[in-house]
Amino acid sequence: MSAAGIVLTRLSWRLGPPLLLIAVLAVTHLRWADWIAVIGASPTLREGIANILEILRWAAAAWLLNRLAGVFLWPLVARRSGTPVPKMAADLVALLVWLGTGLTMAVVVFDQSPTALLATSTVALGVVGFAVRELISDFFAGISLSMERPFAIGDWIEVDNVAGKVVDMTWRAVRLMTTDDVTIVVPNGNIAAETFRNYSRPDNWFRDEIKVPLPFEVTTHQGARILLSAVTQIPESAAFHKKPSVSIDGYDDRGVIWRLLYWVPDFGRLSSIHFAVHANILRNLHMSGLRVPVPIEEIRVMRSSLGVEISSIQRM
C-alpha cells in the first residue's frame, strides 16, 4: 500500500465514526417530519426525541472536534515545537471540549439560563475541587512533568529518599521499580514540589563515592594506589574515559578518612559495582599487609594505697 493509501486509511479510521454519526443524524433530520407523520407520535414524544437527536448532534460535533485535534492539531504542534504533545495535555483539552459542549447543550437544548448555570457550575466545581484538591494538584503536576520531561520511562530517579526505575507515568502518579523489584507509587505533586535526582541524565554513567578509613602510617601515595587500583580492576570502570579520583575527607580516632569517587555504568548495577570496589579494596589492603583500622580503647587498672582498684578507659 502506498503512503497516500496508508494516510487515507488512518484518517478514515480516526474520523470515520464521528462523521458516520453526523451523516446518520443529518439524514434523520431531513426525514424527521415524514417519520413523525407515519408513527403519529404525540407532542411530548416528539419533543423528547427531538431533544435526544439534538444532544447526539452536539456530542457528535465534540467527538469530531477532538478527533480532528488528534489528527491535525497535535501533530502540527509537535512539528513546530520539536517535541510531542504530552498525552495528559491533549486529554485535558479533550475534557474541556466535552465540558464546554455539555454547558452549551444545557443552554441550547434545555433552555437553561447561562448566568444561573455558570453560577451553579462555579459553586459545584468549587466544592468538588476542594474535595479532590490533592488529585487536581497531582493532575496539573503531571501535565507540567510531561511538558518539561525531566525524566522518561526507563530512567533511574531518586525521590523521597527512594530510588527506582520509572516504569509508568499517569495523570496521578509515577511508578518506580526498585532494585529489590518493589513497586513504589509517588504522586506527581510530590515529584514536582521536591528536588529529585535523575541518574540517567545526561547519560547512564554517574559517580558514586566510598569513604574508607586507613591507618595514619599509610602514605598518600600508598593510599591513592590502594583505592584507585580497586576501581581500575573492574573492566567497565577502567575502560570509561572519566577516571576515578581520591581525596582526604578528614581524620578521626581510627585514622585518615579517604574519599573515593568512581563511575558506575548504570544505577541498576550500582549494588554489584559497589560490592566489587569494596572487595578489591579489602584485597588490596590484605596484599599490602594492612587492615581497616578500628577504634582502640586502652583500659588501665591501678591499685591505690588503700587497696582500691581504680580503672580508666582511654580511647586511642
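Colleague: In this structure, does threonine 220 count as buried or exposed?
Modeller: The model is predicted. Threonine 220 has a relative accessibility of 53%. The cut-off for the upper class is over 50%, so at 53% threonine 220 counts as exposed.

Colleague: In which helix does threonine 220 lie?
Modeller: The element in question covers residues 220-232. Threonine 220 belongs to this run, which is helix H8.

Colleague: Which residues is threonine 220 in contact with, leaving aside its neighbours within four places in sequence?
Modeller: One partner, tryptophan 258, is 38 residues from threonine 220 in sequence, with a C-alpha to C-alpha distance of 9.7 Å. The contact criterion concerns heavy atoms within 4.5 Å. With neighbours within four places in sequence left aside, the contacts of threonine 220 are Ile248 and Trp258.

Colleague: Which residue in S8 is the bridge partner of isoleucine 248?
Modeller: Strand S7 spans residues 245-252 and strand S8 spans residues 255-264; they pair in the antiparallel sense over seven bridges. The two strands form a hairpin with two residues between them. Within S8, the bridge partner of isoleucine 248 is tryptophan 258.

Colleague: What is the order of the strands in the open sheet of five strands?
Modeller: The pairing in this sheet is antiparallel. Strands S2 and S3 are joined by four bridges, and S3 and S4 by five bridges. S1 and S5 pair over two bridges. The order of the open sheet is S4-S3-S2-S1-S5.

Colleague: Which strands stand at the edges of that sheet?
Modeller: The sheet is open and has the order S4-S3-S2-S1-S5. An edge strand here has a single partner strand, so one side of it is left without a neighbour in the sheet. The edges are held by S4 (183-187) and S5 (197-198).

Colleague: Which residue in S5 stands opposite glutamate 158?
Modeller: Strand S1 covers residues 156-159, and its pairing with S5 is antiparallel, with two bridges. Opposite glutamate 158 in S5 stands arginine 197.

Colleague: Which residue in S3 stands opposite valine 166?
Modeller: Strand S2 (residues 162-169) runs antiparallel to strand S3 (residues 173-177). A hairpin of three residues joins S2 to S3. The residue of S3 opposite valine 166 is leucine 176.

Colleague: In the hairpin of S3 and S4, which residue takes a positive phi?
Modeller: S3 and S4 run antiparallel, and valine 174 has valine 186 in S4 as its bridge partner. The hairpin has five residues between the strands. The residue with a positive phi, near 60°, is aspartate 181.

Colleague: With which residue does the side chain of asparagine 284 make a polar contact of 2.9 Å?
Modeller: Asparagine 284 is found in helix H10 (residues 270-287) and is buried, its relative accessible area being 9%. Leaving aside neighbours within four places in sequence, asparagine 284 is in contact with Ile226, Ser229, Ala230 and Gln233. The polar contact of 2.9 Å joins its side chain to that of serine 229.

Colleague: Which residues does asparagine 66 touch, not counting those up to four places away in sequence?
Modeller: Asparagine 66 is placed in helix H3 (residues 43-81). With a relative accessible area of 17%, asparagine 66 is buried, the cut-off being under 20%. Not counting residues up to four places away in sequence, the residues touched by asparagine 66 are Ala94, Val97 and Trp98.

Colleague: Which residues make the nonpolar surface patch of about 290 Å²?
Modeller: One member, leucine 96, is placed in helix H4 (residues 87-108). The patch of about 290 Å² is made by Leu95, Leu96 and Leu99.

Colleague: What is the relative accessible area of glutamine 112?
Modeller: Glutamine 112 is placed in the loop between H4 and helix H5 (114-131). With neighbours within four places in sequence left aside, glutamine 112 is in contact with Ala106 and Val107. Glutamine 112 is classed as partly exposed, and its relative accessible area is 42%.

Colleague: For the protein chain, what share of the exposed area do carbon and sulfur atoms supply?
Modeller: The chain has 316 residues, of which 29% are buried, and its secondary structure comes to 10 helices and 10 strands. The area that the chain exposes is about 20,200 Å². The share supplied by carbon and sulfur atoms is 63%.

Conventions
Residues numbered from 1 in each chain as written. Predicted model: local features only at pLDDT ≥ 70, side-chain atom pairs only at ≥ 80, totals over all residues. Heavy atoms only, no water. Pairing = 2+ DSSP bridges. Buried < 20%, exposed > 50% of the residue type's maximum accessible area, 1.4 Å probe, protein only. Areas by Shrake-Rupley, 256 points an atom, 1.4 Å probe, with all protein chains shown as cover. Polar contact = N/O pair within 3.5 Å; in protein donor to acceptor, adjacent residues only side chain to side chain. Patch = residues over 30% accessible without salt bridge, like charges linked within 9 Å, V, L, I, M, F, W, Y side chains within 5 Å. Salt bridge = Lys/Arg side-chain N within 4 Å of Asp/Glu carboxyl O.
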